[in-house]
Structures are given as C-alpha cells and as structure tokens.
Amino acid sequence: MAKEQQQAFHHRASLKQKNKPFKRRFASKNSLRDKSKGRTQRVSVKGKVLRKHSRADRRNAMRTEQRKKREQIVLSTRIFNGRYRAPKIVAVIPLCADSDVSGIVRDLYRCVDEEYPESAPKTTRVLDVTRFKQTIQFIEVGRNLLDILDAAKVADYMIMGLSAEVEVDAFGEHCLSAIQNQGHPGVFPVIRDLESVPAKRRSDVKKSLQSFMHHFFPDVDKVHTTESPTESLAILRMLTSQVPKGIKWRDSRPYLMAESVQFEPSMDDPQVGRLALTGYLRGANISANRLVHIPNFGDFQIEQIFNIPVAMEGAKGNAIEEDDEPTVLDQPDPALQDSLVDSNEPNQLNNEQTWPEDEEMDGWKEQMAKMEEDERMLAGDGERTLRVPKGTSTYQAAWIADNDGDEGSDASDYSDEDSDMMDDSDSDNASEEDADEYEDMRVGKDGKPTSNGIASSMEDNDDEEHDEDDDNMLTAAEEAAQLKAYLKERERLNRDDQQFPDEIDTPMDMSARERFARFRGLKSFRTSPWDPYENLPLDYARIFQFESFKRTQQRVVRMTSNAPTKAGMHIRIVLKAVPAQVAASYNPNRPFLVFGLHQYEHQMSVVHFTVIRNAEYTEPVRSKDPLVIHFGFRRYNVRPIFSQHLNGGATTNNVHKFERFLKPGEVSVGTIFAPIQFGTVPISLYLPSSASDSNNGVRLPTLVGTGSSLSVDPSRILAKRVILTGAPFKIHTRGAVIRYMFFNTEDINWFKPVQLFTKYGRTGHITESLGTHGYMKCMFDGPLKQMDTICMNLYKRVFPKWNTSLWSEHNQDDEQQVQWVGPVIERPVAMEL
C-alpha cells in the first residue's frame with residue numbers, strides 16, 4: 001500500500017504562475033561603476049551551456065587577454081626593431097619666433113657622442129641610438145604652417161620648441177590649434193635657452209610654459225630642457241622606449257615621407273615622365289594596383305614597387321635576413337589597376353523624351369537664340385553683358401559674374417536659389433525701378449569687367465561711352481568704401497537671418513505660384529515622403545554611388561592586409577605620367593609626403609562633413625562662399641552648402657534643412673562634390689586669403705571652422721525653406737481672416753492644401769478666398785491672438801555645384817603664400833671652442 005502511495009499519479013502544474021523577467025533598458029548603477037573602473041565581462045559564446053566559471057577559468061581568460069594585448073604592442077613596434085628597422089620620425093616644431101630647432105637636435109646628438117650632420121637635409125637627419133637599439137629620424141621644420149601640418153601627419157613624436165625669453169606668438173598658437181584639430185602623436189615640450197633666465201625665475205618659467213602646453217595637450221605634464229647631456233639623454237630614452245601613439249585616420253592607409261626624389265623624363269614629352277620616391281612605408285600595406293596622392297599635385301598611378309633594404313649598424317645578428325639588392329615587390333595588373341577617371345560622362349539621350357507642345361517650342365526658340373548668342377560671344381572676344389546695380393565696383397562685379405558663370409546646366413534652379421537668398425533685402429520689389437537703379441556691364445571670359453567698364457544701356461554714341469568710362473574710374477578710396485558697404489550688407493543679411501530665419505515677403509509684382517513654382521509643402525518635415533532621385537541636375541549623372549557604403553568600406557580596408565608590400569619596409573615607388581613640376585618643387589628641407597588611396601577613393605561623389613564655426617572668426621560665412629578645405633591629407637578649393645545636423649541621426653525621409661549662413665555655436669553639415677573618402681578624417685576650413693592683420697602686422701591664415709567627415713550619400717536631401725507670413729485681419733474664435741500673405745485669389749487657391757501654423761503654436765488650413773485682394777478665411781485648432789503671425793512653410797531641394805578643384809600651394813600669389821609663414825627672430829650662432 002505504501003508503494004502504491006509513492007507511485008501515485010501527480011498532475012503537472014501547468015497553471016503555475018511565472019513572473020515576467022525584468023528587462024532593463026538602460027545600464028544599472030553597478031554596471032556603470034564597473035565600466036568606469038575598467039572591468040570587462042567576457043561574452044559567452046552562443047550555443048554553449050552557461051555554467052559558473054571557476055577561478056582557474058577566470059585566470060586563464062585574463063591571461064589570454066593579456067597575451068593578446070602584448071601581441072598587439074609587439075606588432076605595433078615590430079617595424080622599429082631588428083636589423084632592417086625603420087626609424088621613428090620626430091618632428092621638431094618651432095612655436096616661438098626665436099626657437100632654434102637645429103640647436104635642440106644638436107643637443108640630442110651631443111648627449112650620445114654623435115656628430116651633428118650639418119650638411120644633411122633637414123628632413124633626413126637620422127640618429128642611430130645604439131644604446132637603446134633604436135633609430136630616430138628628425139624633421140626640422142621651419143615657421144611654415146603647411147610644413148608643420150605635413151610633418152605632424154607623418155610624425156611618431158613631436159618636439160615643441162619653446163623659448164624662455166620670447167612668448168609663443170599668435171602664429172605659434174595657430175599652429176597648436178591646427179595640430180590639435182587634425183590629430184597629433186605624442187608631444188614633448190622642450191626649452192633650450194633656460195640658462196639665460198635667472199635661477200630664481202626658472203621654476204616659474206617652466207610652470208608657466210607647462211600650463212600653456214597643458215591647455216592644448218592635456219596629456220603633457222612636464223616641460224623638458226636640454227641644459228645638460230643628462231636631461232637630453234632622458235628625452236632620447238623616452239623617445240626610444242615609449243610606444244608611438246597612433247592616429248586612427250592615418251594608420252588605416254599607407255603613407256611615406258620621401259627621402260629622395262628622382263625624375264626621368266619621357267622620350268615623347270619631356271614635361272611628363274617617371275618619378276621614383278624612396279622612403280619607409282608606414283601605416284598600412286600598399287598594392288601597386290592602387291593610386292597614390294601627392295599633396296598639391298593630385299593622384300597618380302604606380303608603375304613598380306622595389307624593395308631597398310637598409311641595414312642599421314649595431315643590430316642583432318639573428319635578425320631577419322633580407323637581400324641587399326633591390327628587388328621588385330609588386331607590379332600593377334592592368335585588369336585590376338585603378339583608373340584615373342574620376343567622373344562619369346553623362347548621356348543626355350538617356351533622359352525621358354516627349355514631344356513638346358507649341359507653347360514650349362516658342363519658349364525654346366527664345367532660349368536657343370540666347371544660347372547661340374552666348375556661343376558666338378565665347379567663340380569671339382568672350383565678352384558678355386551683365387545687369388548690375390548702378391555704382392557697382394569691379395570687385396563686386398567679379399563676384400556677380402562668377403556666380404552667373406557657375407550656373408551650369410541647371411541655371412534656373414541656381415538663379416532662383418540665389419535670388420531667394422536676397423529676398424530679405426526686398427529684391428523682388430525693385431523690378432519697377434530697374435531703369436533707374438540698374439545698368440549694363442561688359443565682362444570677359446574670366447568674369448572680370450573689360451576695359452569698356454560700365455556703360456549705360458541708353459548710350460548711342462562714342463562720346464557718351466567715353467564720358468561714362470571716365471565717370472566709372474573709381475579711386476582707391478571709393479573702392480574701399482564700396483567694399484565696406486558690400487561687407488556691411490552681408491552682415492545685415494546674416495543678422496536678419498538670425499532674427500527672422502527663412503522669412504520672406506511675397507512679391508507684389510508677380511504671382512506667388514510663379515515665384516515659388518519649384519517649392520512644395522510638406523505635412524511633416526521629418527516623415528513626409530520625398531523621392532531623392534527626382535529632378536536631379538546633370539552633375540548627379542557624373543558621380544558614383546554605392547549600394548552599401550559601409551559594406552564597401554569594410555571590404556576595401558580589409559584588402560590592404562593582403563597587399564604584398566608590408567608596412568615598415570624601405571621601398572622605392574615608381575610613378576608614371578608625372579609632370580616635371582612635381583620633381584622641380586621637391587625641396588629636401590621640406591617634408592615631401594605620399595599617401596596611398598583605397599579603391600574608389602579617386603572617384604567623385606557627394607561628400608558630407610560636420611563643421612563648427614571658429615569662435616575667433618566673427619564675420620558671416622554664407623553658403624557657397626569660396627573656402628579652402630583641408631580634408632585629411634588632401635586640400636581642395638570648395639564652395640560648400642550648409643545644412644542642419646541632427647544629433648539623433650537621419651530622419652525617416654532623409655531630408656535636412658538648408659542653412660543660408662554657418663551659424664556660430666552650432667554643428668552644421670557641409671556638402672560638396674569631392675573624391676570619395678573612407679573612414680572619418682578631420683577637416684579644417686580656411687579662407688583663400690587672410691581676412692585681417694594681427695597687432696604686429698603679420699598676416700595669419702583665417703580659420704573658419706573645424707570638423708570631420710560624415711558620409712558619402714548622394715540621396716541626402718537638402719531642403720531650402722521659405723516662410724510666407726501674414727497677419728490676422730479679423731478673428732472669430734477659431735476662425736480668422738488673414739491678409740498680406742497673398743495678393744490674388746489664384747495664389748490662395750494654389751496654396752490651399754498647404755498647412756498653416758502660427759508663432760504662438762496654432763495650426764490650421766485655408767478654407768476659402770475672400771475678395772480679390774488676397775484676403776482669405778482660415779480655420780485653426782484654437783483661438784488666435786491679434787498679435788500672432790500666420791506662417792506657411794515651403795521647401796525646395798538645393799544641390800551643390802561642381803566647382804571643387806585641387807588646392808596647390810604653387811598656384812597661390814605672394815599675398816596668399818605670406819599668410820602661411822610666421823615671423824622669425826635670428827639668433828647669433830655660438831662658436832664652439
């Protein structure tokens with residue numbers, strides 16, 4: 001009986017309550033505390049049985065992670081060890097006008113009993129420190145911002161030359177800011193002339209300079225000196241023993257600083273030939289199928305890559321043996337080599353074609369007549385006539401002519417856009433006074449006014465033309481006054497855009513449906529659908545687009561690991577079809593850099609980058625203003641257009657609001673046509689010419705803004721917004737009669753489907769027109785106030801212009817080149833007895 005009771009049937013508890021497990025969405029306080037302490041949790045492999053780890057398992061896991069970190073450190077320092085090791089590049093940068101960079105390097109040579117090579121170029125002075133089994137290559141940079149930035153891009157360490165007697169000037173502070181923006185390796189501040197300061201003040205001087213350097217580089221906690229060999233040897237010990245701090249955007253691609261440059265002209269054309277560059281390859285591996293970029297000159301194809309081994313004295317005898325003779329490492333495959341074609345040739349026959357109507361044919365006849373006249377003008381003397389305001393100077397006329405010449409195939413879009421930017425100055429209401437306020441000006445192919453100057457459209461004889469020319473010859477004072485008035489008008493437009501953003505007045509001399517024919521209304525700016533491929537300009541047929549940009553980037557970057565030429569090797573790269581100007585510009589005392597490109601990085605596309613304005617530059621920066629962009633290792637002349645940057649990412653419809661001006665204190669997005677760039681690289685925007693002088697009369701480059709690359713996305717829609725405003729005439733609770741938004745019944749019926757809103761938060765719609773003078777009845781979601789303003793949002797897509805060109809230092813005039821050079825105070829050289 002007891003056995004039967006033990007085997008009695010027991011029903012399964014299917015109705016047993018099971019509480020829902022807690023799913024935390026955010027991190028708990030304990031996990032945040034552990035993360036701040038650096039603790040890491042091992043992620044379990046999916047599919048394995050979860051079990052409690054023993055102490056031995058945890059210890060083995062920690063040892064495995066420790067071994068991986070050691071392998072990464074050894075891998076990063078492998079190129080600096082062995083018989084064929086590469087030297088560590090140390091850039092010596094003068095921050096003060098009296099900094100003696102050669103003296104600092106001379107002290108470092110003297111502390112290890114080595115002779116300073118006076119006759120060697122300033123970029124190839126190599127110190128073999130046998131005591132620490134390391135090699136150091138010094139780059140002694142002058143007071144040139146371009147050279148300083150180039151040296152910082154390839155350096156493993158930077159020695160900042162300070163002075164105990166002269167403060168860091170404005171040029172030195174600008175160099176520090178520029179280096180900080182583009183990313184920097186390890187920094188060592190060094191004072192050489194501390195002995196000239198009284199002993200009681202030396203400690204205060206070092207503390208002051210240390211605080212100054214800590215402001216720009218928080219990792220700097222000490223200022224070094226070279227007063228004695230012991231202190232100089234301590235600097236060498238840190239340079240040789242520490243692991244170089246990597247720069248992510250630089251280490252993901254191959255780069256080389258040329259030690260020697262050899263040019264072999266071609267038999268057919270002596271102005272083009274083969275260029276051989278010798279140096280140590282750093283960063284990533286390189287393939288002969290990829291292109292290389294030389295700053296100031298552009299992209300070139302590789303013909304051959306040779307291995308040029310250089311054995312260091314005092315290295316271990318059991319190092320990896322290599323052939324002492326140059327050997328061919330890689331040659332390009334014609335089927336896989338990247339082409340120098342950067343854009344597509346658009347085929348206009350692929351466009352949709354329909355038979356035009358008679359009215360359209362009449363309109364096209366007028367346009368064809370105008371185009372034929374322009375062709376005759378270009379075929380002849382190249383002159384054309386512009387309609388400009390009276391009193392326009394030649395400086396202002398060049399801007400107008402340049403904007404008119406950049407219209408391109410989509411001229412109507414861009415002309416509407418430029419006119420929209422001037423809506424705040426009531427440009428639409430001035431058509432009735434054209435005869436009194438405007439006149440004709442003859443300009444040439446380059447957009448500059450011809451010798452005929454400004455001539456009245458009513459002139460009929462040569463005497464009147466001669467008198468008009470005499471009247472329009474402006475003095476220097478008048479030119480300066482007109483330039484001041486022009487800059488003042490730009491400042492007023494910027495101020496109005498900040499106070500009343502995007503608000504314009506509806507023109508009274510033309511219908512609103514014609515004036516805003518290219519605009520549309522959106523129910524929701526974030527979610528309303530907008531086809532990114534409708535009504536694209538012809539320039540979009542020339543660019544390249546990826547189906548999945550992130551996946552392509554991962555594949556392209558992964559390809560560098562399989563390249564035959566490894567980082568750390570001493571190689572010679574032979575380039576083909578290189579202009580002779582490249583070799584002629586080589587200066588052994590200045591850095592000459594070569595950067596390898598990933599696949600597709602030569603092709604053009606729509607590139608976006610984030611930018612924030614420099615607080616020290618207060619002048620208005622307008623969309624399409626000419627700027628110089630330092631885009632990682634490349635430099636271009638651009639005219640970017642700006643748009644809003646959303647912190648939460650892209651919207652549902654990928655629509656972003658166009659900004660007329662670059663606003664201070666806000667992160668904006670700049671858009672340009674530029675070569676594709678994989679990865680995130682730093683960017684800096686400069687004015688083509690210096691905008692102001694410093695107190696001592698030294699011209700400095702004007703930094704407009706800084707940021708980083710964002711994406712390569714041609715489908716990103718930049719929507720320009722205009723706001724039409726009206727005022728309530730009569731209010732009936734939720735209903736109201738609105739006026740001054742439109743001035744005829746046809747416009748009211750045309751814009752009737754567009755939603756209205758007020759500045760006090762009400763939303764509504766147009767119900768019907770009232771009368772024939774633009775009054776309309778509207779209904780809102782609540783009662784209105786008499787002081788409220790009724791608004792209507794209209795949007796139009798805008799596009800960047802195809803005006804990106806390579807910026808070259810050698811194409812700048814004397815005034816533009818002076819801004820990159822800082823002042824120098826020569827010190828007498830002490831004689832060694």
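This tour visits an arginine patch, a sheet and two tyrosines in a predicted model.

**Stop 1: the arginine patch.** Select Arg55, Arg58, Arg59 and Arg63, which together make up a patch of positive charge on the surface. Then restrict the selection to Arg59, a residue of helix α3, which covers residues 55–77. The relative accessible area of Arg59 is 45%. Because buried means under 20% and exposed over 50%, Arg59 counts as partly exposed.

**Stop 2: the sheet.** Next, display the open sheet of 6 strands, whose order is β2-β3-β1-β4-β5-β6 and whose pairing is mixed. Its edge strands are β2 (125–129) and β6 (224–225), each of which pairs on one side only. Now select residues 88–94, strand β1, together with residues 157–162, strand β4; the two strands run parallel and are joined by 5 bridges. To inspect one residue pair, select Pro94 and Gly161, its bridge partner in β4.

**Stop 3: two tyrosines with positive phi.** Most residues other than glycine have a negative phi. Select Tyr600, which is not a glycine yet has a positive phi of about 75 degrees. Tyr600 is found in the loop between β18 (593–596) and β19 (604–613). With a relative accessible area of 28%, Tyr600 is partly exposed.

Finally, move to Tyr740, where phi is positive at about 70 degrees, although this residue is not a glycine. The loop that holds Tyr740 runs between β28 (735–739) and α19 (745–750). Tyr740 is partly exposed, at 46% relative accessibility.

How values were computed. Residues numbered from 1 in each chain as written. Predicted model: local features only at pLDDT ≥ 70, side-chain atom pairs only at ≥ 80, totals over all residues. Heavy atoms only, no water. Patch = residues over 30% accessible without salt bridge, like charges linked within 9 Å, V, L, I, M, F, W, Y side chains within 5 Å. Areas by Shrake-Rupley, 256 points an atom, 1.4 Å probe, with all protein chains shown as cover. Salt bridge = Lys/Arg side-chain N within 4 Å of Asp/Glu carboxyl O. Lys, Arg positive; Asp, Glu negative; His and termini not counted. Charge placed at Lys NZ, Arg CZ, Asp CG, Glu CD. Helix = DSSP H or I, 4+ residues; strand = E, 2+ residues; numbered from the N terminus. Buried < 20%, exposed > 50% of the residue type's maximum accessible area, 1.4 Å probe, protein only. Pairing = 2+ DSSP bridges.
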